[in-house]
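Got the viewer open? Let's take a short walk through this one, selecting as we go.

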Amino acid sequence: MSEEVRFRLQQVSCFYGGTRALHEVTMDIPARGVTAFIGPSGCGKSTLLRSLNRMNDVVPGFALTGRVLLDGQDIYSSRADPVALRRRVGMVFQRSNPFPSSIFDNVAYGPRLHERLSPAQLALRVEEALRAAALWDEVKDRLNLQASMLSGGQQQRLCIARALAVRPEALLFDEPASALDPLSTARVEELVLELGRSLTVVIVTHNLQQATRVADRTAFFLLGRLVEYGPTVELFTTPKDSQTEAYVSGRFG
Amino acid sequence: MRADTARFRARARAIDRWMAGLITGGGAAVLIATFLLVLFLVIESVPVLRSPRASSEGVVPQGVPLAAAEDEYRERVTVVGAEGSLHLVGRDGEVEVIPLEGVQPPVHQALFSADGRFLVAVDGVGRLHAFSWRQRVIWEGERRVLQPRLRAIAATAAGDGKHLLAVVGEGSSAKVLVGTEDGASVVHLSEKSTSATNLAVAGPAVAGALTASGEQAWVATANGLQWFQRLDPEVSLLEPTASVPLSFRPTTAAVLLGDVTLVLGGESGEVEAWQALPAAGAGWRLDQAAQFHGSGRVIAVTPSQREKSFLVQRITAAEILHLTSRRTLLALPGYPADAVVARLSPRLDGAFAVTAKGAVHRWSLQLHHPEASLATLFLPVRYEGYERAHVVWQSSGGSAGFEPKLSLLPLIVGTLKGALYALLFSAPLALAGALYVNQFAPRGLREVVKPVIELMAAVPSVVVGFLAALFLAPLVREHLLISAGVLLAAPSVAAVAVVWSLAPARWQRRLSGARELVVVLGMLVVAGTVLIVLEPHLHQAWFGGDVVHWLYQRLGVTYDQRNAMVVGFALGFAVIPIIFTIAEDALSNVPPSLVAASLALGATPWEAARTVVIPAASPGLFAAVMLGLGRAVGETMIVLMATGNTPLMSLSPFNGMRTMAATIAVELPEAPYGGTLYRVLILTALLLFCFTFAINMVAAAVAERLRKRFGRLAA
Ligand SMILES: Nc1ncnc2c1ncn2[C@@H]1O[C@H](COP(=O)(O)OP(=O)(O)O)[C@@H](O)[C@H]1O
Ligand SMILES: [Mg+2]
């Protein structure tokens with residue numbers, strides 16, 4: 001492919017205390033657009049996603065073989081710094097997890113850690129992130145409100161804004177809308193689509209419609225193996241693999 | 001099937017109801033028990049502050065009185081009549097008369113000793129007679145009968161112009177302080193011989209008193225007070241040892257029980273307490289210890305034979321005063337204006353007065369606990385023999401005349417000091433340990449560390465106290481430098497960690513998890529070894545061989561073997577499991593999703609702990625420390641064994657202390673039920689309860705505020 005590659009995975013296998021969760025996955029994730037991971041529950045989508053910013057490191061007994069290259073650099077080499085990596089590759093979790101503090105403090109959390117911004121700059125950064133997460137108009141008058149007072153969908157967008165505030169190059173979504181109502185889901189999907197224009201976005205979903213709506217490329221996993229990976233339209237309309245076909249046509253999963 | 005489920009449901013509901021009732025009942029029982037406990041403490045301790053009472057008990061008329069005394073059972077008042085006999089006036093007015101053998105009427109002066117057991121009289125021909133006077137109890141069936149026993153000791157010519165100032169006696173000898181026109185003398189009468197020694201008084205003696213042994217004498221002239229002391233045991237001479245001018249005209253004097261304090265009464269109603277103290281250079285000086293307010297010429301002062309109270313007889317009133325608490329306890333109600341003699345009953349349960357016409361008035365007294373007042377319990381008090389007001393706890397002493405010193409402040413200070421040192425030692429360790437184990441430790445370590453620390457709580461505190469007192473305390477004393485090193489270990493590791501955090505991230509990553517732990521432990525072992533090897537040399541080189549000696553010589557710091565450091569360590573041993581366990585639970589309750597969010601934003605584990613975990617767990621961390629404090633305040637056995645139990649006000653880490661809990665444990669079993677000490681100890685228990693209760697309340701309130709501040713945590 002001529003496109004710029006953000007993540008290059010080479011024979012990545014993941015283990016949890018000796019149990020293999022992923023089996024020699026090799027794939028390239030381009031720098032622009034949205035890439036979706038689909039597959040039945042427990043097939044290793046989250047594991048792979050979390051390997052992209054080393055969030056699995058904190059899991060006791062986790063091990064990874066193979067190579068994960070970010071812009072050509074092996075992020076699992078002994079010289080790589082997982083903390084710096086996570087600053088470049090943000091993550092939004094399945095269940096919204098705002099800090100028990102104000103909206104402003106939630107969004108300002110990352111910049112306060114990494115940068116020395118003046119209060120004005122910080123306020124600007126927070127606004128920018130909230131605008132990018134399409135939340136600004138709803139909360140601009142009550143930035144000091146406790147984050148827990150927001151609705152579920154708003155909380156999830158707050159988490160997106162919080163991730164955006166550190167200006168990542170890539171953003172990983174792990175079933176970001178699975179706990180949301182349809183209206184909030186639609187707004188989050190819009191946002192994912194929008195963010196895909198400027199960032200590398202990887203989204204795990206088991207909602208196939210969602211994948212077709214937001215993803216440029218889709219990867220289908222089954223039992224820890226990458227079964228098929230290609231442009232979303234092709235994967236859903238003319239799957240090369242029979243298992244993929246069975247899955248996307250709703251015959252199992 | 002359906003019926004089965006229905007029956008099951010019904011049974012489950014019944015069990016639910018039953019359990020709810022049980023739990024509610026149990027909770028209520030606990031509340032009621034606590035309430036009853038507090039009620040008991042209040043009921044038993046509040047009487048300590050009850051005000052004294054006197055009630056008048058009727059009047060019995062009789063002849064002209066010169067002096068009077070009462071027996072222990074308050075059955076008869078013995079009045080010395082001018083016609084030369086003793087009148088024993090019973091409560092029913094029945095009078096028994098016993099003639100004073102060899103006394104020529106009319107008797108001019110008569111005087112009883114403070115304990116009422118010796119009587120001196122100057123008769124019509126100017127002879128001085130001394131008697132011992134006792135009333136023995138015999139039982140006639142069920143009836144108690146007092147059998148009088150008057151014995152003449154000796155008589156001698158007194159001469160003209162002399163007046164009796166004081167008499168003390170012992171066995172079959174009496175010493176009489178006699179005032180003359182140009183001074184005073186002590187007449188020693190015994191069955192074998194009679195002698196008199198003159199005192200070098202600077203003028204006519206107006207008032208005077210002798211200590212029980214007669215070895216010391218106080219003599220007041222119109223404008224000064226002198227103190228005489230027998231310095232040479234070979235010679236029975238009392239030598240003038242100290243003197244002081246007086247600002248008022250004295251009329252009477254008496255030495256209080258304990259032979260330390262002299263109470264002087266004055267022409268215009270002054271009542272002052274004086275004592276002899278060692279002077280700055282050498283010798284002695286007289287020092288005013290107390291001043292009481294009141295008006296009306298003081299006729300006589302009679303000390304109580306029980307404690308530090310005394311009766312002040314004025315021309316129109318009689319009051320009972322108390323030295324330690326510097327209070328007027330009460331004025332005798334209905335005191336007759338023409339009273340000649342007024343005295344306290346030997347057991348301090350009554351008082352009587354005899355009027356010029358010979359009417360005997362009696363009062364029964366309930367002084368309760370005069371030595372305990374809010375002021376003596378909580379403010380500095382100038383006790384006998386002290387230069388200044390002090391807060392002292394010394395509840396019992398060797399002699400009957402001992403002045404109980406019941407200031408609760410040293411106990412409160414000791415309690416807080418012990419708790420403070422314990423927390424100083426244990427709170428940082430336990431909190432940091434909990435954070436490390438919860439957030440940073442390699443997997444598996446937590447599974448080992450937590451149960452081990454919880455096991456610490458299972459060590460009986462008596463064992464901890466025992467080891468601290470008999471093993472740790474001498475060891476620390478012997479190896480003070482190493483001990484200091486041990487205390488510095490944790491701060492040093494923290495300092496190294498701070499420096500290390502500035503090192504490049506790449507180096508830091510090399511040293512994570514178990515490797516980090518091994519390096520830190522290795523560092524500690526190396527540092528400890530170096531310290532052990534170096535210690536003797538350091539001793540020699542810098543501290544002249546002995547650090548404790550050096551501390552005293554150079555810094556004036558006294559070192560007790562059982563001191564706050566040792567106690568802090570031992571108490572810390574009891575407190576650490578509490579703080580650690582609760583703190584670790586609080587940290588565990590922080591949702592991992594919050595930590596994940598923080599890490600995903602590029603925070604280091606330490607940053608995540610600092611900015612997310614600690615704030616979210618802060619109510620629990622605070623509660624952990626407060627519960628640790630509560631334990632430290634209430635802990636008894638460890639402080640009992642490891643503090644040395646000296647009630648000091650010092651906050652020095654090198655001195656011991658005495659805590660409230662330890663005091664209660666040690667002294668309550670010995671305290672007579674219902675006595676002052678008993679009540680004060682119960683009051684201490686009540687205070688202790690209030691302390692721990694307040695600590696828990698504060699902990700709960702602050703934890704609640706923190707919880708509000710950091711919001712409700714996401715699940
Ligand atoms: N923290 C963990 N510890 C042990 N096994 C795990 C852990 N997380 C996931 N797994 C296992 O790895 C496999 C893949 O899980 P996951 O990546 O979460 O699947 P998905 O996100 O596709 O549902 C599953 O079998 C799961 O049981
Ligand atoms: Mg998943």
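A polar contact here means a pair of N or O atoms within 3.5 Å. Keep in mind that this is a predicted model.

**Stop one: the ligand.** Select ligand 1, then look at A:Ser46: an N or O atom in the side chain of A:Ser46 sits 2.6 Å from an oxygen atom of the ligand. Now switch to backbone atoms. A:Gly42 offers a polar backbone atom 2.7 Å from a ligand oxygen, and at A:Gly44 the distance from a polar backbone atom to a ligand oxygen is 3.1 Å. How much of ligand 1 does the protein bury? Taken alone, ligand 1 exposes 550 Å², and the protein buries 57% of that.

**Stop two: the shell.** Widen the selection to the residues around ligand 1: A:Tyr16, A:Ala21, A:Ser41, A:Gly42, A:Cys43, A:Gly44, A:Lys45, A:Ser46, A:Thr47 and A:Val59. Color them by type and you'll get four nonpolar, five polar and one charged. Which element supplies the largest share of this shell? That's helix 1 of chain A (residues 45-51), with three residues.

**Stop three: a backbone oddity in chain A.** Pick A:Glu24, in strand 2 (residues 19-30) of chain A. Check its phi: the value is near 40°, positive in a residue other than glycine.

**Stop four: a cis peptide in chain B.** Jump to the bond from B:Pro105 to B:Pro106, which is cis, with omega near -5°. To find B:Pro106, go to the loop between strand 5 (95-99) and strand 6 (109-112) of chain B.

**Last stop: a helix pair.** Two packed helices are described by the angle between their axes and the distance between the axes. Show helix 11 (residues 592-600) and helix 12 (residues 605-634) of chain B: they pack at an angle of about 130°, with their axes 9 Å apart. Helix 11 and helix 12 of chain B are therefore oblique to each other. Rotate the view to follow the crossing, where helix 11 of chain B passes helix 12 of chain B in a right-handed sense.

Terms used. Residues are numbered from 1 along each chain as its sequence is written. Chains are lettered from A and ligands numbered from 1 in the order in which they are written. This is a predicted model: local features need pLDDT of at least 70, side-chain atom pairs count only at pLDDT 80 or more; totals for chains, interfaces and linings use all residues. Side-chain values use heavy atoms; hydrogens and water are left out. A residue is near a molecule or strand if one of its heavy atoms lies within 4 Å of it. A polar contact is a pair of N or O atoms within 3.5 Å; within protein, one must be able to donate a hydrogen and the other to accept it, and residues adjacent in sequence count only if both atoms are side-chain atoms. Accessible areas come from the Shrake-Rupley method with a 1.4 Å probe; for residues, only the protein chains shown count as cover. Helices (H or I, at least four residues) and strands (E, at least two) are DSSP runs, numbered from the N terminus. Ala, Val, Leu, Ile, Met, Phe, Trp, Tyr, Cys and Pro count as nonpolar, Asp, Glu, Lys and Arg as charged, and the others, Gly among them, as polar. Axes are lines fitted to C-alpha atoms, for helices over the stretch in contact, and angles run from 0 to 180 degrees between N-to-C directions. Angles under 35 degrees count as roughly parallel, over 145 as roughly antiparallel, 65 to 115 as roughly perpendicular and the rest as oblique. A crossing is left-handed if the near helix is turned anticlockwise from the far one by less than a right angle, and right-handed if clockwise.
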